[in-house]
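Colleague: I am still learning to read structures like this one. Could you pick a single part and take me through it slowly, with every term explained?

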Amino acid sequence: SAVEKGGWSSFMAKEISEQPEAVSNTLLGRIHNDHVVLGELEGIDELLTAIDRIVILGCGTAAYSAMLGKYAIEKWARIPVEVELSHEFRYRDPVVDERTLVISISQSGETMDTLVAVQEAKAKGARTLSICNTQGATIPRESDAVIYTHAGPEVAVASTKAFIAQITALYLFGLHLARVRATLDDETIATSIVELQAIPDKIRWVLEQHGDITELANWMSDSRAVLFLGRHVGFPVALEGALKLKELAYIHAEGFAAGELKHGPIALIEPGQPVFVVVPSPRHPNSLHAKVVSNIQEIKARGAKVLVIAEEGDVAVLPYASEVFRIPLAGPLFEPLLAVIPLQIFAMELATAKGLDVDQPRNLAKSVTVE
Ligand code: G6P
């Protein structure tokens, strides 16, 4: 009902607007004196020093937060992390043992593909950690430990605030692991915590561009295909942007790693082809900014309609972009928490422009409890 939607036109619109709180509530009570304190891991801290490998499992949007978890955990805790779709992991006799930590990500905690993958990992002796948004759900109950995300109930089928909260929880875990395994100095941990704490206000800033994104979505409502490019942590953002557009607007959409462009996807570029590009800040040390801008030049030269998501001060993108959506400066690993938001809004508004039900897309279910 309208009351449940709190005045918003859809649950999805409401949930997108709740993303600042999804982050701050997931951080709540978990930071003390410049350290991450995850009381729920107390029982497994010893184990966290003994593992030699991490595998992160999930389906759909959860698999993309898993990818972001890999970038952060490897960077901070210097331990190999693999990401795999739960249903691929389950039936290929995966190599895991007592020294493997298997982290499952699931908003509902009921996705059958992920549940059976966790059970298989347990049967092989792996330790299991669940990241879940639903108290007492089946997957956390089957796991050795759980970090709950506090995004609040997510009703719209397409995940938004739960995704943002999953990334937050994975980053908290990465910083916790880095302390337990002594791979980061206190100052780096403290700086990363400050970055996380600044995210809610930065999300609010991005949300203010809703109107501009709606305008673009209205113009583009007859698009046949949209491509998304990103590099490093921008790559999972591109994949998520494409998934949202497929799920909600029924438009053929694909996300690519920007570095892969020349190995295939550039053949798809013809005059007028819309391409979203997630651009990293030029201000980061060793930034991939120049490489991504050169990708933009290559697609622009072939006639692409370039839609850019870039940091506020970045003027290098201006000569090539049809549209630029701005995000505030954030550390290299933290940009996805901001860059994905214009893409969520774009998919929702384009679906709305096509007259579609954004909360209940055809053929999809919020929680898939069959294999
Ligand atoms: C379904 C939903 C997706 C979701 C995926 C995983 O396919 O439609 O939005 O990302 O399941 O759900 P989970 O509850 O495990 O995060």
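Modeller: What follows is a close look at one sheet and the helices around it.

First, some reading notes. Residues are numbered from 1 along each chain, as its sequence is written. The model is predicted, so local features need a pLDDT of at least 70 and side-chain atom pairs count only at pLDDT 80 or more, while totals for chains, interfaces and linings use all residues.

Let us start with the sheet. Helices (H or I, at least four residues) and strands (E, at least two) are DSSP runs, numbered from the N terminus. Five strands make up an open sheet in the order 9-8-10-11-12, with parallel pairing; two strands pair if DSSP finds at least two bridges between them. At the edges stand strand 9 (252-257) and strand 12 (323-327), each of which pairs on one side only. From one strand to the next, the twist averages 20 degrees.

Now zoom in on strand 10 (residues 274-278). Strand 10 is joined by five bridges to strand 11 (residues 305-311), and the two run parallel. Look for two pairs of residues there: Val277 has Val308 as its bridge partner in strand 11, and Val278 stands opposite Ile309 of strand 11. Strand 8 also pairs with strand 10 in the parallel sense, over three bridges. Here Phe228 stands opposite Phe276 of strand 10.

How enclosed is strand 10? Five of its five residues are buried, so strand 10 is largely enclosed by the rest of the structure. A residue is buried if 20 or more other C-beta atoms lie within 10 Å of its own, exposed if 12 or fewer, and partly exposed in between, with C-beta atoms placed from the backbone. Pro274, Phe276 and Val278 point one way from the strand, Val275 and Val277 point the other way, and all are buried.

Next, see what lies over the strands. Helix 12 (residues 289-301) lies across strand 8 (225-230), strand 10 and strand 11, and runs at about 170 degrees to strand 10. Axes are lines fitted to C-alpha atoms, for helices over the stretch in contact, and angles run from 0 to 180 degrees between N-to-C directions.

From here, move on to helix 11 (residues 234-249) and helix 13 (336-353). Two packed helices are described by the angle between their axes and the distance between the axes. Helix 11 and helix 13 pack at an angle of about 15 degrees, with axes 9 Å apart. They are therefore roughly parallel to each other; angles under 35 degrees count as roughly parallel, over 145 as roughly antiparallel, 65 to 115 as roughly perpendicular and the rest as oblique. Their crossing is right-handed. A crossing is right-handed if the near helix is turned clockwise from the far one by less than a right angle, and left-handed if anticlockwise. Among the residues making the contact are Val237, Leu245 and Leu248 of helix 11 and Val340, Leu343 and Ala347 of helix 13.

One residue of helix 11 deserves a pause: Lys244. Lys244 has 27 C-beta neighbours inside 10 Å, so it counts as buried. Leaving out residues up to four places away in sequence, Lys244 touches Ala158, Leu343, Gln344 and Ala347; contact means C-beta atoms, placed from the backbone, within 7 Å.

Helix 13 has another packing partner. The axes of helix 9 (186-207) and helix 13 come within 10 Å and cross at roughly 25 degrees. These two helices are therefore roughly parallel as well, and helix 9 passes helix 13 in a right-handed crossing. That contact is made by Ile199, Lys202, Ile203, Val206 and Leu207 of helix 9 and by Leu337, Leu338, Ile341 and Pro342 of helix 13.

Finally, follow helix 9 and helix 13 to helix 2 (residues 19-27), whose buried residues they help to cover. Those buried residues are Gln19, Ala22, Val23, Thr26 and Leu27. Seen down the axis of helix 2, they fall within an arc of 125 degrees, so they line one face of the helix; the arc is that of the directions from the helix axis to the C-beta atoms. The cover also includes helix 1 (11-17), strand 1 (31-32) and helix 8 (161-180). Helix 2 is followed by Gly29, which has a positive phi, near 75 degrees.

Key: Contact = placed C-beta atoms within 7 Å.
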